[in-house]
Amino acid sequence: MFSILIVLLIDNNALAEPIFNDPGLKYDIIAEGLENPTGIVFVNDDILIIEKEGYLRLLSNQHLDEKPIHKFFVNAKSERGLLGIETDGRHIFVYLTEIINDDSLRNRVYKYSWNGNELTNQQILLDLPALPGPNHDGGKLVLEKSNNSAISDNLYVVIGDLNHRGILQNINSNDKPDDTGVILRINSKDGTAIETNPFYSNSDTSKYFAYGIRNSFGITIDPITGTLWETENGPSEYDEINIVKAGLNSGWLQFMGPMSRSDNSLNDLQALPNSFYSDPQLSWREPVALTDIEFLNSSKLGEQYLHKMMVGDYSQGNLYIFSLNEKRDSILLDTTNKDLLDKVIDNDGEDDSIRFGTGFGSITDIEVGPDGLLYVLSFNDGVLYKIYK
């Protein structure tokens, strides 16, 4: 996505002006001059920012250190690079396309200790393919917490298909699963598989939580239900928002968008034991390059936004907002708009009712800070926005 849309990048000196549907909301730019930022995490009162070319930046006391605090050796071609960051407050997890021995490449997940100034005690949790690529590398990370503990236990990791065409892409193939086009769920302590994973009984698939994923720049967990949600990028048609339950086969490359829009059927899918297919919660027929997804677990912007789901895009700089049903297992759409009854946005204007704001450049990360406010990271503008009222 980043490479395909590079022609759309704007002059960093001519930032767009974010505009909200709610006139009571405001924004500040709290960091600027970033180079292709892809993610942020909050650690105590500090913010760690990653840049695609491999740099880790520290924003402390509203001051962005001019010198990066760490440099990762990455290949940043196309959608490769330093792509994901997560924290449990004591450790930092990163996803990157690492250069190995000067010539080979791997997508890897590392775990570090964080002492407030530097990364220490490097530990590898996942060693994933990076070829052929160079796009569809995924990279987003999200931790879940056990019911009885504030300590984050399990780590979700998404990797795209890397242009592979095998059983995990729903192609009839004798090849073994190859760790592409999947969401993995691992123990954040040591990278081992979780026994409750849907494909745990097979050593080749024991770390998989879902598969059949083309490319994703966003995964998150509903803090109320613990349910995983994902955004997914289509090729020339159908970006998706999906609810991801254990064993989901997202359908690529037989389906993007709802099955009813395809000439294929369930019989065309490669069904691993314990897998199932379900249609997206919402699709865009003309892709907008959906990116991050986050739940606003705060009322600091107003009670009407508490527990709403936020989604960003790359090509239009839009921030979308969604309400969920009472069980929180489905998106609620504007039922007065008959065009949305099919859960597909086909034409301009159909997404007006779900647009929270626009003018954010190309969104790569959305986070709720410890202060309960909303933070939005812009890739091509090189800025971090704080939204407040």
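**Notebook: aromatic rings and charges over them**

I began with Lys-71, whose charged end sits over the ring of Tyr-55, 5.2 Å from the ring centre. I note here that the model is predicted.

I then looked up Arg-214 and found that this residue lies over the face of Trp-252, at 5.4 Å from the ring centre.

Next I turned to ring pairs. The count comes to 14 aromatic pairs. One of them is Phe-20 with Phe-356, an edge-to-face pair with 5.9 Å centre to centre and 70° between the planes. I checked where the two rings sit in the chain: Phe-20 belongs to strand β1 (residues 19–20) and Phe-356 to strand β26 (residues 355–358). The two residues are 336 residues apart, so I logged the pair as linking distant parts of the chain. I looked up exposure as well, and both Phe-20 and Phe-356 are buried.

Why is the pair of Phe-199 and Tyr-211 edge-to-face? I found the ring centres 5.8 Å apart and the planes at 75°; planes over 60 degrees apart count as edge-to-face, so the pair falls in that class. Tyr-211 is in strand β15, while Phe-199 is in the loop between β14 (182–187) and β15 (208–211). I recorded this pair, 12 residues apart, as another link between distant parts of the chain. Phe-199 is buried, and I found Tyr-211 buried too.

Last, I asked which residues form one aromatic cluster with Phe-20 and Phe-356. I listed Tyr-27, Tyr-305, Phe-360 and Tyr-385 alongside those two.

Technical notes
Residues are numbered from 1 along each chain as its sequence is written. This is a predicted model: local features need pLDDT of at least 70, side-chain atom pairs count only at pLDDT 80 or more; totals for chains, interfaces and linings use all residues. Side-chain values use heavy atoms; hydrogens and water are left out. Rings of Phe, Tyr and Trp (its six-membered ring) pair if their centres lie within 6.5 Å; planes under 30 degrees apart count as stacked, over 60 as edge-to-face and the rest as tilted. Helices (H or I, at least four residues) and strands (E, at least two) are DSSP runs, numbered from the N terminus. Buried means under 20% relative accessible area, exposed over 50%, partly exposed in between (1.4 Å probe, protein chains only). A charge sits over a ring if NZ of Lys or CZ of Arg is within 6 Å of the ring centre and within 35 degrees of the ring normal.
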